[in-house]
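Hello,

Here is the structure I promised to pass on. Please open it first, then read my notes below with the model in view.

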Amino acid sequence: MTPGEPPVVWSLPSEDARAGWQALWWTVGPSNELAVMLVHKRNLHRSPYIRGWAGWHVVAPCDGVLVVISDGAEHHTPVTGITADTGHLALLSWSRFLLASYRTRRDRTGSWESNAIVYSPGGYPTGHICIGDDIDHVLTDRDGGIWTSHGDEGIHGSHPASSGGLAR
């Protein structure tokens, strides 16, 4: 570490990178833990227009590995059922976590479709919820609240949770 530079908390081990794993999303939880979702490159597509880690996206439902670093310890959880439109990771209470899509749409009845999946501590989907449209960021707080910020299509769209730009 060079003086004045922040310490490296975690980096993808070189053996995982050689095996084809890609760190796709990351978040910091309400208890200062770092979480990183790993997905194998065979399940990803890289945009020719976006550089860096943000240019990768899931192309079909797949599995992955959630890595949580807390108090110097690293815990790996296999994750099933990551959907193709996933773009956000957030940690929830009781070792649960959330994967969310950027967008939602209305179904045939006019109801908003779910765009977030709640996962158990074991990495299995347990529930679906809708958290707004055109989501830019998702964070959680110590009280279990899910905070979302929304882009212009969400703010100026018709989803009630997105119109304010920031929602809990």
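**What I found**

Start with an open sheet of four strands, in the order β7-β8-β9-β10, with antiparallel pairing. The edge strands are β7 (86–91) and β10 (125–129), and each pairs on one side only. Neighbouring strands in this sheet are turned by 25 degrees against each other on average, ignoring direction. Keep in mind that this is a predicted model.

A reminder on what holds such a sheet together: strands pair through backbone hydrogen bonds, either parallel or antiparallel.

Look at one end of this sheet. Strand β9 (residues 116–119) is joined to β10 by four bridges, and the two run antiparallel. To find the register, pick Ala 116: its bridge partner in β10 is Ile 129.

**The other sheet**

There is also an open sheet of four strands in the order β1-β2-β5-β6. Its pairing is antiparallel. Here the edge strands are β1 (21–28) and β6, each pairing on one side only. The twist averages 25 degrees from one strand to the next.

Take β1 to begin with. Seven bridges join β1 to strand β2 (residues 34–40), and these strands run antiparallel. Val 28 stands opposite Leu 34 in β2.

Now go to β5 and β6. Strand β5 (residues 62–70) and strand β6 (residues 73–82) are antiparallel and share eight bridges. Ser 70 has Ala 73 in β6 as its bridge partner. How many residues lie between β5 and β6 in their hairpin? The count is two. Asp 71 sits in that turn and has a positive phi of about 50 degrees.

**The pockets**

The largest pocket holds about 490 Å³ of space. Its lining has 23 residues. Trp 25, Trp 53, Gly 87, His 88 and Tyr 102 are the ones nearest its centre. Which strand gives the largest share of this lining? That is β1, with five residues. At least two lining residues come from each of β1, β4 (56–58), β7 and β11 (135–140). So what classes of residue are they? By class, the lining has 13 nonpolar, eight polar and two charged residues.

The second largest pocket has a volume of about 300 Å³. It is lined by 17 residues. Nearest its centre are Glu 33, Leu 91, Leu 92, Ser 95 and Arg 96. The hairpin strands come back here: β5 and β6 each supply at least two residues of the lining. Eight of the lining residues are nonpolar, five are polar and four are charged.

**The whole protein**

Now step back. The protein has two helices and 13 strands. Its C-alpha trace spans about 50 × 35 × 35 Å along the principal axes. What radius of gyration would a compact globule with 168 residues have? It would be near 15 Å. The protein has 16 Å, which agrees with a compact globule. Buried residues make up 42% of the 168 residues.

When you look through the model, try the hairpin of β5 and β6 before anything else. Then follow β1 from its pairing with β2 to its place in the lining of the largest pocket.

Best wishes

Key. Residues are numbered from 1 along each chain as its sequence is written. This is a predicted model: local features need pLDDT of at least 70, side-chain atom pairs count only at pLDDT 80 or more; totals for chains, interfaces and linings use all residues. Side-chain values use heavy atoms; hydrogens and water are left out. Two strands pair if DSSP finds at least two bridges between them. Axes are lines fitted to C-alpha atoms, for helices over the stretch in contact, and angles run from 0 to 180 degrees between N-to-C directions. On a 1 Å grid over the protein atoms alone, a cavity is a set of points where a 1.4 Å probe fits but cannot get out, and a pocket is an open set with protein on both sides within 12 Å along at least five of seven lines; lining residues have an atom within 4 Å of a point. Grid points are joined across faces, edges and corners, and a volume is the space filled by probe spheres set on the points. Ala, Val, Leu, Ile, Met, Phe, Trp, Tyr, Cys and Pro count as nonpolar, Asp, Glu, Lys and Arg as charged, and the others, Gly among them, as polar. The radius of gyration is taken over C-alpha atoms; the globule rule is 2.2 Å times the number of residues to the power 0.38. Buried means under 20% relative accessible area, exposed over 50%, partly exposed in between (1.4 Å probe, protein chains only).
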